[in-house]
Number of protein chains: 2
Amino acid sequence: MSLKHAILAMLDLEKGTGYDIVKRFNRSIGHFWSSSHQQVYKELHKLHDDGLVEYEAVEQAGKPDKKVYFLTDSGLKALKAWVRQPARAFKIKEPLLVKLFAGRHGDKDELLDELARHEKLHQETAEQYAELEAQMDHLTPRQRKKYLLPYMTLRLGIHFEKAWLTWLAEVRKVVKDELD
Amino acid sequence: MSLKHAILAMLDLEKGTGYDIVKRFNRSIGHFWSSSHQQVYKELHKLHDDGLVEYEAVEQAGKPDKKVYFLTDSGLKALKAWVRQPARAFKIKEPLLVKLFAGRHGDKDELLDELARHEKLHQETAEQYAELEAQMDHLTPRQRKKYLLPYMTLRLGIHFEKAWLTWLAEVRKVVKDELD
DNA sequence: AGAATATATGCAAAAAATTGCATAATCAAC
DNA sequence: GTTGATTATGCAATTTTTTGCATATATTCT
C-alpha cells in the first residue's frame, strides 16, 4: 500500500502531473519504485477524492490540458504520519533469477545472450545514475539540502548497479566455464 | 505472471509441499522471490488443474497430511519454454527508499533508528547467505552441478547485501552529519 | 500450565497491479 | 505524407497480491 505514499513523497518534493510522476518513477531517481501511468492516474483520483492532493488545471496550446497536482495540508500530514511508521520489508521479484534457477534446461548460448542483454541494461542504468549524480554539483546549497535524502536513494541505485555488474560478470564466467 | 514459473522452477529442482516452497521463498536461496502461503497454495491448485504439476498425498502421524507436489511432463515442458523467452525487467518496490524521499519530515533520531533496524536485518541476511554458501562445499560433484545456477542466485544475494550494508553506513553518516 | 513456534492446508474479501484499449495533438524523421 | 515518438489523460476487465480468518497437532519456551 505504498504507491500512495510514493506519489505523496514525489509531490512533496515537486508538484507535477501524473505524467511527470510516471517519468520520475521510470527514469531518473525513481529507480526504487515503478508504476504504470494507469495506476498513477487512478491513485491520483483516489488521493484527490480523499483530499490529500489538489490540482490546478493548465491549458496548453498544442498539447493536451494537464492537471498539476500538489499536496494539500492533510496530504502532507498523511505523509508525515507514514514516515514515522517503520517501513516494511521490501520484496524482490526478479524473473531473471527465477530463470537462472531453471537455467539448466535452457540453451547455454541463449543464456549467455540473456546475460549480455541484462549487462547492457545495467550498464546503461549505471551511466544514467552517474549523470544524475554529476548534476548534484550544480545545485544551490539550499536545493542540495532539500535533495539530500533523495540523493541518497540514488546512491543505493549506484551501489546496486555495481553489484549487478560484478555479479553478471561472475555468472558469465561460470556459465562459460562450468556449464555444459 | 511469474509466481507460476517460480514454483515450477522450485519443483524442478526438488519436489515438495506448498509449505516447503514458501520456506524456500522466504529463507535460504529464495531471496529473489517472495510469496505468501495463500498465494502459493492457490497457484498450486491452478497448476494442478492445468496438469503442470501432480502430487502424492502423504499421511503423517502427529502432523497434518501433506501433498508432495512434483512436475509433470507438460510442467517441465512449460518451464523449458518459459526459460527460452527473454526475462522481463525486474521491479523494485522498496518502501524504505520512498520513506527516505520524504525523510526530511521525520525525526532525525527516528530515522537513525529505522536505519539501524534495517542494518540489523541485512546483517542477519548476509550471515544467513554466508552459511548457505558454506554448505555448498558439502555437496557431491553431481549435486554441485545441479545447483550451480541456483548457487549463482545466492551470489547475487550476497552482492546485494554487501551493497545494502555499505549504503546503510553511508546514509547513517550523512544523516548524522548533514541533516538537522 | 499457558504461550509461542513450527508443520500443513485452505477460503473469502478487498486492494493493487497488469493488460488492453481509447483519444488527441504536436514534432521529428524518413 | 505517413510513421513513430512524446506529451497527456483515462476506462474496463482481468490477474495478482494482500489481509483476515480458520483448523489441527506437536514441540519448545517461559
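User: Which elements of chain A do the buried residues of H3(A) pack against?

Analyst: Good place to start, with one caution: this is a predicted model. In chain A, the buried residues of H3(A) pack against two helices, H1 (3-13) and H2 (18-26), and two strands, E1 (53-58) and E2 (66-71).

User: Which residues of H3(A) are the buried ones?

Analyst: They are Val40(A), Leu44(A) and Leu47(A). To read burial here, count C-beta atoms around a residue's own: 20 or more others within 10 Å makes it buried, and 12 or fewer makes it exposed. On the other side of H3(A), the exposed residues are Gln38(A), His45(A) and Asp49(A).

User: Why can I say that the buried residues of H3(A) line one face of the helix?

Analyst: Look down the helix axis and see how widely the buried positions spread. For H3(A) they fall within an arc of 65°, so they line one face.

User: How does the span of H3(A) compare with what is expected at 1.5 Å a residue?

Analyst: The general idea is to set the end-to-end C-alpha distance beside the expected rise. H3(A) covers residues 37-49, 13 residues in total, and its first and last C-alpha atoms are 18 Å apart, close to the expected 18 Å. Just after this helix, Gly51(A) takes a positive phi of about 75°.

User: What does that check give for H6(A)?

Analyst: H6(A) has 28 residues, which should span 40 Å at 1.5 Å a residue, and its end C-alpha atoms lie 41 Å apart, in agreement. Its buried residues are Leu111(A), Glu114(A), Leu115(A), His118(A) and Tyr129(A), and they pack against H5 and H8 of chain A.

User: Glu124(A) lies in H6 too. Is Glu124(A) buried or exposed?

Analyst: Apply the neighbour count again. Glu124(A) has 11 C-beta neighbours inside 10 Å, so it counts as exposed. You can also place it by distance: Glu124(A) and Lys4(A) are 120 residues apart in sequence, and their C-alpha atoms are 29 Å apart in space.

User: Let me move to the domains. Where do they fall in chain A?

Analyst: Domain 1 runs over 3-83 and domain 2 over 95-178. To relate two domains, take the distance between their centres and then the contact between them. Over C-alpha atoms, the centres of domain 1 and domain 2 of chain A are 27 Å apart. The contact takes 5 residues from each of these two domains of chain A. On the domain 1 side, they divide into 3 nonpolar, 2 polar and no charged residues.

User: How many residues does the contact take from chain A and from chain B?

Analyst: It takes 55 residues from chain A and 55 from chain B. A next step is to ask which elements contribute. On the side of chain A that touches chain B, those giving two or more residues are H1, H4 (73-83), E3 (91-93), H5 (95-101), H6 (108-135) and H8 (148-178). The largest share, 17 residues, comes from H8(A). By class, this side of chain A has 29 nonpolar, 10 polar and 16 charged residues.

User: In what sense do E3(A) and E3 of chain B pair?

Analyst: For strands, look at the sense of pairing and the bridges. E3(A) and E3 of chain B, residues 91-93, pair in the antiparallel sense over 3 bridges. Within that pairing, Ile92(A) stands opposite Ile92(B).

User: Which residues does Ala6(A) touch, leaving out those up to four places away in sequence?

Analyst: Setting aside sequence neighbours brings out contacts made by the fold or by the other chain. Ala6(A), in helix H1 of chain A, touches Trp33(A) and Val98(B). Ala6(A) is buried, with 27 other C-beta atoms within 10 Å. Its C-alpha is 9.3 Å from that of Leu79(A), although the two are 73 residues apart along the chain.

User: And on the chain B side, what is Leu156(B) in contact with, leaving aside neighbours within four places in sequence?

Analyst: Leu156(B), which lies in helix H8 of chain B, is in contact with Leu97(A) and Trp167(A). Leu156(B) is buried, with 24 other C-beta atoms within 10 Å. For an intermediate case, try Arg117(B) in H6 of chain B: with 13 C-beta neighbours inside 10 Å, Arg117(B) counts as partly exposed.

Notes:
Residues numbered from 1 in each chain as written. Chains lettered and ligands numbered in written order. Predicted model: local features only at pLDDT ≥ 70, side-chain atom pairs only at ≥ 80, totals over all residues. Domains from an automatic or database assignment. Contact = placed C-beta atoms within 7 Å. Nonpolar A, V, L, I, M, F, W, Y, C, P; charged D, E, K, R; others polar. Helix = DSSP H or I, 4+ residues; strand = E, 2+ residues; numbered from the N terminus. Expected span 1.5 Å × (residues − 1). Arc of directions from axis to C-beta. Pairing = 2+ DSSP bridges.
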